[in-house]
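Biologist: I'm new to reading structures like this one. Please pick one helix, look closely at what surrounds it, and then lead me outward from there.

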Amino acid sequence: MSKIAVLLIGDIAHDGRVKKEINSLKSLGHDVVLIYSRSNQNIPENISGVQTILVKKKYGGSVLNIVLRNLFFYWKIRRILKKLKPDYVHCNDLNTFIISFFQLKGIKYVYDAHEMNMGIPNLFKEYVLTTMERVLIKNAYAIIVPQIDRLNLIQMKYRLNPEKLFLLENFPSKITTSKTDFFVSEYNFQANGRTILSYSGVMDNDRCVKELILAMKYVDDAVLFLIGNTTQQYKFEIQTLIENNNLEDRIFLKPLVKQEQVISIAQSTDIGLCIYRPVRINNYLSASNKIYEYLSSGTKVISNSTPSMLRIHDPNLLLIDKITPEKIAETIKLAKNHIVMSSSIIEYAWENQEIILKLIYK
């Protein structure tokens, strides 16, 4: 079997996709080493038995300082790879795939493109990133993409050999246990017959959080949990919005939970909310793991009509054609009247896709 170095700039504690990939590669018999840039934990959870190397990376400062620090960071990564001598380097996103520019002989570089660099609001930044991607992608032994429309777009834009492209969707791990008391056990919350709505993830305007809050003005006998992280400024804005609309007893802001708890949230929720404002390609061609977490739990979820959502044919997925509080509320009421769990839950299981990693890694 092969030795694989997995690169991640970020905190492994909240990156469920990277954890699943590591565990899948382990189950296939590979020797896996995780190299990551930051963590709130001494030892990352749920990837025991894997060698981990923390390479701290500083952020912010002038453009020159950022460039110099990044060059030093990639130099340190290259030194580690030179010592490890892996057969493959699994690069999560473009910020780690840059290491393929400093190629080491005998190593195959796999580009796992979680995010799209096309269509971002800053045109200069988009030009720089897509130019880098166009140059570097020639170094890729294989390219992994989490959504089929994204895959097709990357293939056409960079004129890639389709045999190098692999679809690996953001499905959750196969659900083996049922935990439906999350809100009771974690928040000591009793629904008392009220419908529990939840949104879990980053909270910002792209996730239409303010529209979700205002929709609660039109929905009776329901509570909304907003679970996730945001900036202090945005938190102040949404708290003010909640107070000004007298919704303090019906909307609850909670901090981000451990990745291992997100399925429990989905299983304990009556109706999930996962709406992405289609202002950029990442949102328009959404590859949301949250959608699949709710659907895998047999929970109804409301999202908006985008090409990626229209591809999902599941009776528990309800789509809105206009992102307004009134339309969201109307769809919540519709879902409330049909909360009975589907007799046949469609399975979106990560383990059913492991064959993709087996095809890439020999």
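Modeller: Helix H5 covers residues 148-158, and its buried residues are Asp-149, Arg-150, Leu-151, Ile-154 and Tyr-158. Here "buried" means under 20% relative accessible area, while exposed is over 50% and partly exposed falls in between, using a 1.4 Å probe and protein chains only. Helices (H or I, at least four residues) and strands (E, at least two) are DSSP runs, numbered from the N terminus. Before going on, note that this is a predicted model, in which local features need pLDDT of at least 70, side-chain atom pairs count only at pLDDT 80 or more, and totals for chains, interfaces and linings use all residues. Residues are numbered from 1 along each chain as its sequence is written, and side-chain values use heavy atoms, leaving out hydrogens and water.

A helpful rule when you look at a helix: an α-helix has 3.6 residues a turn, so residues three or four places apart point the same way.

What covers the buried residues of H5? The cover includes helix H4 (123-136), strand E6 (140-145), strand E7 (165-167), helix H10 (281-284) and helix H12 (307-310), where contact means heavy atoms within 4.5 Å. H5 lies across E6 and E7, running at about 170° to E7. Such angles run from 0 to 180 degrees between N-to-C directions, with axes fitted to C-alpha atoms, for helices over the stretch in contact. Just after H5 comes Arg-159, with a positive phi near 50°.

Now follow E6 and E7 into their sheet. Seven strands make up this open, parallel sheet, in the order E3-E2-E1-E4-E5-E6-E7. E7 is one of its edge strands and strand E3 (51-54) is the other, each pairing on one side only. From one strand to the next, the twist averages 20°. Two strands count as paired if DSSP finds at least two bridges between them. Further along the sheet, E1 and strand E4 (residues 88-92) run parallel and are joined by four bridges, with Ala-5 standing opposite Val-89 in E4.

E1 also leads us to some empty space. A cavity is a set of points on a 1 Å grid, over the protein atoms alone, where a 1.4 Å probe fits but cannot get out; lining residues have an atom within 4 Å of a point. By this rule there are two cavities of 30 Å³ or more. The largest holds about 70 Å³, the volume being the space filled by probe spheres set on the points, which are joined across faces, edges and corners. Its lining includes Leu-7, Ile-35, Phe-73 and Asn-95. Strand E1 (3-11), strand E2 (31-38), helix H2 (63-84) and helix H3 (94-97) each give two or more residues to this lining. The lining divides into nine nonpolar, three polar and no charged residues. In that count, Ala, Val, Leu, Ile, Met, Phe, Trp, Tyr, Cys and Pro are nonpolar, Asp, Glu, Lys and Arg are charged, and the others, Gly among them, are polar.

The second largest cavity has a volume of about 50 Å³. Among its lining residues are Ser-200, Val-262, Lys-290 and Glu-293. Helix H9 (262-268) and helix H11 (289-296) each supply two or more of the lining residues. This lining has four nonpolar, one polar and two charged residues.

Definitions and conventions: On a 1 Å grid over the protein atoms alone, a cavity is a set of points where a 1.4 Å probe fits but cannot get out, and a pocket is an open set with protein on both sides within 12 Å along at least five of seven lines; lining residues have an atom within 4 Å of a point.
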